[in-house]
Amino acid sequence: MRQMIVAGNWKMNGTIDETESLINDLLAGNSKNDKVKVVVCPPYTALLTASKLLDGSHISLGAQDMSEHEKGAFTGEISPRMLLTVGAGFVILGHSERRQYHAETDKLVNAKVKLALSTGLTPIICVGELLSEREEGLTEVVVGAQVAGTLSGLTAADLKRVVIAYEPVWAIGTGKTATPKMAQEVHAFIREKLAVIDKAAAEVVPILYGGSVKPDNAERLHRQPDIDGSLVGGASLKADDFIAIINAV
Ligand code: PEP
């Protein structure tokens, strides 16, 4: 049995007041489901507030990125240890918005993945193709290279500690969702790629789907055998929608 996970990526949303209000709504609502691990990933400035509110609850905390360096003269960066000490257990790495707006490469993401693991954080590693790449029939080439590149050099034991999120870039924030069949095909392909590294690890690594997941499409997506949860952007900012997704999964 693989762990089902629903993680909310708040992106650049969440002042302290908004964070308090959303977390309180999640804790007061029906967000506890024994079959699903729930994670919220607020912006850095709200992590400590979120951490205090979530302390002892069923909701785990994650960050949206981190530096590939442990410490030092890297102005504006946040280290993995800083995240750990503020109470984060997860970190999203290689999100398509980081790749697109900050030119993050698989090599850089790979360095971050290794540092996250050695620090004790669980990386949620994002992969996914552009619309033009899908239209050219390159989905497997692109996603295969991202999986191989971001996981390069990991041992089987390391691999068992990662989470992958398949997020077709054309589905993020657009309202266009991959059909359950389209998503399942890529999830099964990713699991095959993981099995090349280690068969046993491939069976336990959760592969989340991300891209306009909403309460009304979550159940259909999660009936697929290789979809082990969701990375949710926009809908994670509304407590009712996020809770509905958790329970649909
Ligand atoms: C995301 O940012 O990871 C995401 C999937 O966003 P959305 O759900 O808004 O498409």
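**Note on the predicted model: helix 9, the ligand site and the largest pocket**

1. Leu194 sits in helix 9, which spans residues 180–197. The model is a predicted one. Leu194 has a relative accessibility of 0%. The cut-off for buried is under 20%, so Leu194 counts as buried. Its C-alpha atom is 9.7 Å from that of Gly144. Along the chain, Leu194 and Gly144 are 50 residues apart.

2. Arg191 also belongs to helix 9. Is Arg191 buried or exposed? Arg191 is buried, because its relative accessible area is 7% and buried means under 20%. The side chain of Arg191 has a backbone partner: one of its polar atoms lies 2.9 Å from the backbone oxygen of Val205.

3. Next, the ligand. There are 14 residues around it. Which of them come nearest? They are Lys11, Glu167, Gly173, Ser212 and Gly233. Sorted by class, the shell holds four nonpolar, eight polar and two charged residues.

4. Two side chains can be checked by distance. In Lys11, an N or O atom of the side chain is 2.6 Å from an oxygen atom of the ligand. In Glu167, the corresponding distance from a side-chain N or O atom to a ligand oxygen is 2.7 Å. Gly233 contributes through its backbone: a polar backbone atom of Gly233 is 2.8 Å from an oxygen atom of the ligand. On its own, the ligand has 290 Å² of accessible area, and the protein covers 97% of that.

5. Gly233 has a second contact to look at. Its backbone oxygen lies 2.7 Å from a polar atom of the Ser236 side chain. Ser236 is in the loop that runs between strand 8 (229–232) and helix 12 (239–248). With 1% relative accessibility, Ser236 counts as buried, because the limit is under 20%.

6. Ser212 deserves a backbone check. It is among the residues that come nearest the ligand. Its phi is positive, about 55°, although Ser212 is not a glycine. Ser212 lies in the loop between strand 7 (207–210) and helix 11 (215–222). Its relative accessible area is 10%, so Ser212 is buried.

7. Ala103 is another non-glycine residue with a positive phi, here about 50°. Where is Ala103? It is in the loop between helix 4 and helix 5 (106–119). Ala103 has a relative accessible area of 58%. Exposed means over 50%, so Ala103 is exposed.

8. Last, the largest pocket. Its volume is about 420 Å³. The lining consists of 16 residues. Nearest the pocket centre are Lys11, Met12, Gln64, Asp65 and Arg98. Lys11 therefore appears in two places: in this group and among the residues that come nearest the ligand.

9. Which element gives the largest share of the pocket lining? Helix 4 (residues 96–101) does, with three residues. By class, the lining has six nonpolar, six polar and four charged residues.

Methods
Residues are numbered from 1 along each chain as its sequence is written. This is a predicted model: local features need pLDDT of at least 70, side-chain atom pairs count only at pLDDT 80 or more; totals for chains, interfaces and linings use all residues. Side-chain values use heavy atoms; hydrogens and water are left out. On a 1 Å grid over the protein atoms alone, a cavity is a set of points where a 1.4 Å probe fits but cannot get out, and a pocket is an open set with protein on both sides within 12 Å along at least five of seven lines; lining residues have an atom within 4 Å of a point. Grid points are joined across faces, edges and corners, and a volume is the space filled by probe spheres set on the points. Helices (H or I, at least four residues) and strands (E, at least two) are DSSP runs, numbered from the N terminus. Ala, Val, Leu, Ile, Met, Phe, Trp, Tyr, Cys and Pro count as nonpolar, Asp, Glu, Lys and Arg as charged, and the others, Gly among them, as polar. A residue is near a molecule or strand if one of its heavy atoms lies within 4 Å of it. A polar contact is a pair of N or O atoms within 3.5 Å; within protein, one must be able to donate a hydrogen and the other to accept it, and residues adjacent in sequence count only if both atoms are side-chain atoms. Accessible areas come from the Shrake-Rupley method with a 1.4 Å probe; for residues, only the protein chains shown count as cover. Buried means under 20% relative accessible area, exposed over 50%, partly exposed in between (1.4 Å probe, protein chains only).
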